[in-house]
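Student: I'd like to go through this structure with you and ask how each label is earned. Could you set the values against the definitions as we go?

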Amino acid sequence: MNYEISKVAIDIQAVIDKVVQREAGAITTFIGTVRELTEGKKTLFLIYEAYESMAVKKLQQIGDEIKERWNGAEVAITHRVGRLDITDVAVVIAVSTPHRADAYEANRYAIERIKEIVPIWKKEHWEDGQKWIGNQLETVSYPSGKPEGDDLNE
Amino acid sequence: MNKILFFAHLRDEAGEESVMLEASGKTVAELKAFVAENYGIHKLDTAMAAINEEFAPNEEMIKEGDVIAFIPPVSGG
């Protein structure tokens, strides 16, 4: 189970342990945390929600994409759902590869892809209200009804 | 019958997590139009659709028993 959605606090070391391999010369770990201030606005807490069964499949797809692009990579990703307070860990990505440059690049690729294709949403709660992010702002939209090009289910 | 799933702000607008509808024979685009009108959802045109947990284009035809999810732009990570 290298790709998981977790309702409880993520055990960071457990995610790292999944990618330990004798062939690896590097493991990079990305830890996404809940930020208090976004453009000056103070967040009190977040709620993350997932379409869990599909989210796990899409995390797996990202892992498969990485293994195709970076030889010898191992990948593990756990994303948290539920209520998260400031500084809580929202996502942990561990990537191991034979050489360090690949481990950095592949890890960066994983977080960017999560933000494109994994059905997880966050609801920001502020002192003066709340809002689901990624929709009303309309910074992202899908006029064709689907992600473009290689965002689809390769 | 087909199960239709709503997430994030779409669920808030629909007032339910899921509904059962007869959607087979409709395209994704036709179902979007039907749901937007009947459930008072305004931003459905910016949502993606998934059929049985895989992204599906607007022109894809829905079959009996398919589970359809409307997926607003995601904000995980």
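Tutor: Gladly; we will take the helices, the sheet, one loop residue and the aromatic pairs in turn.

Tutor: This is a predicted model, in which local features need pLDDT of at least 70 and side-chain atom pairs count only at pLDDT 80 or more, while totals for chains, interfaces and linings use all residues. Residues are numbered from 1 along each chain as its sequence is written, chains are lettered from A and ligands numbered from 1 in the order in which they are written, and side-chain values use heavy atoms, with hydrogens and water left out.

Student: How do you know that the span of helix 3 of chain A agrees with its 18 residues?

Tutor: Helices (H or I, at least four residues) and strands (E, at least two) are DSSP runs, numbered from the N terminus. The expected span is 1.5 Å times one less than the number of residues. For residues 100–117 of chain A that gives 26 Å, and the end C-alpha atoms are 26 Å apart, so the two agree.

Student: Which elements do the buried residues of helix 3 of chain A pack against?

Tutor: Buried means under 20% relative accessible area, exposed over 50%, and partly exposed in between (1.4 Å probe, protein chains only). The buried residues of this helix include Ala103(A), Ala106(A), Tyr109(A) and Ile117(A). Contact means heavy atoms within 4.5 Å, and the partners are strand 2, helix 2, strand 5 and strand 7 of chain A together with strand 4 of chain B.

Student: What makes strand 1 and strand 2 of chain A edge strands?

Tutor: Two strands pair if DSSP finds at least two bridges between them. Four strands of chain A form an open sheet in the order 1-5-7-2, with mixed pairing. Strand 1 and strand 2 of chain A each have a single partner strand, so one side of each is left without a neighbour in the sheet.

Student: How many bridges join strand 5 and strand 7 of chain A?

Tutor: Six, and the two strands run antiparallel. Against the cut-off of at least two, they count as paired. One of the bridges has His79(A) opposite Val91(A) of strand 7.

Student: Why is Glu53(B) called buried?

Tutor: Its relative accessible area is 18%, and the limit is under 20%, so Glu53(B) qualifies. Glu53(B) lies in the loop between strand 3 and strand 4 of chain B. Leaving aside neighbours within four places in sequence, its contacts include Tyr51(A), Met54(A) and Lys57(A).

Student: What makes the link between the side chains of Glu53(B) and Ser53(A) a polar contact?

Tutor: A polar contact is a pair of N or O atoms within 3.5 Å; within protein, one must be able to donate a hydrogen and the other to accept it, and residues adjacent in sequence count only if both atoms are side-chain atoms. Here the distance is 2.5 Å.

Student: Why is the pair of Trp70(A) and Tyr109(A) called edge-to-face?

Tutor: Rings of Phe, Tyr and Trp (its six-membered ring) pair if their centres lie within 6.5 Å; planes under 30 degrees apart count as stacked, over 60 as edge-to-face and the rest as tilted. The structure holds five aromatic pairs over all chains. Trp70(A) and Tyr109(A) are 5.5 Å centre to centre with 65° between the planes, which fits edge-to-face.

Student: And what makes Phe6(B) and Phe70(B) stacked?

Tutor: Their planes are 25° apart and their centres 6.2 Å apart. Phe6(B) lies in strand 1 and Phe70(B) in strand 5 of chain B, so the pair ties together parts 64 residues apart in sequence. Phe6(B), at 1% relative accessibility, counts as buried, and so does Phe70(B), at 0%.
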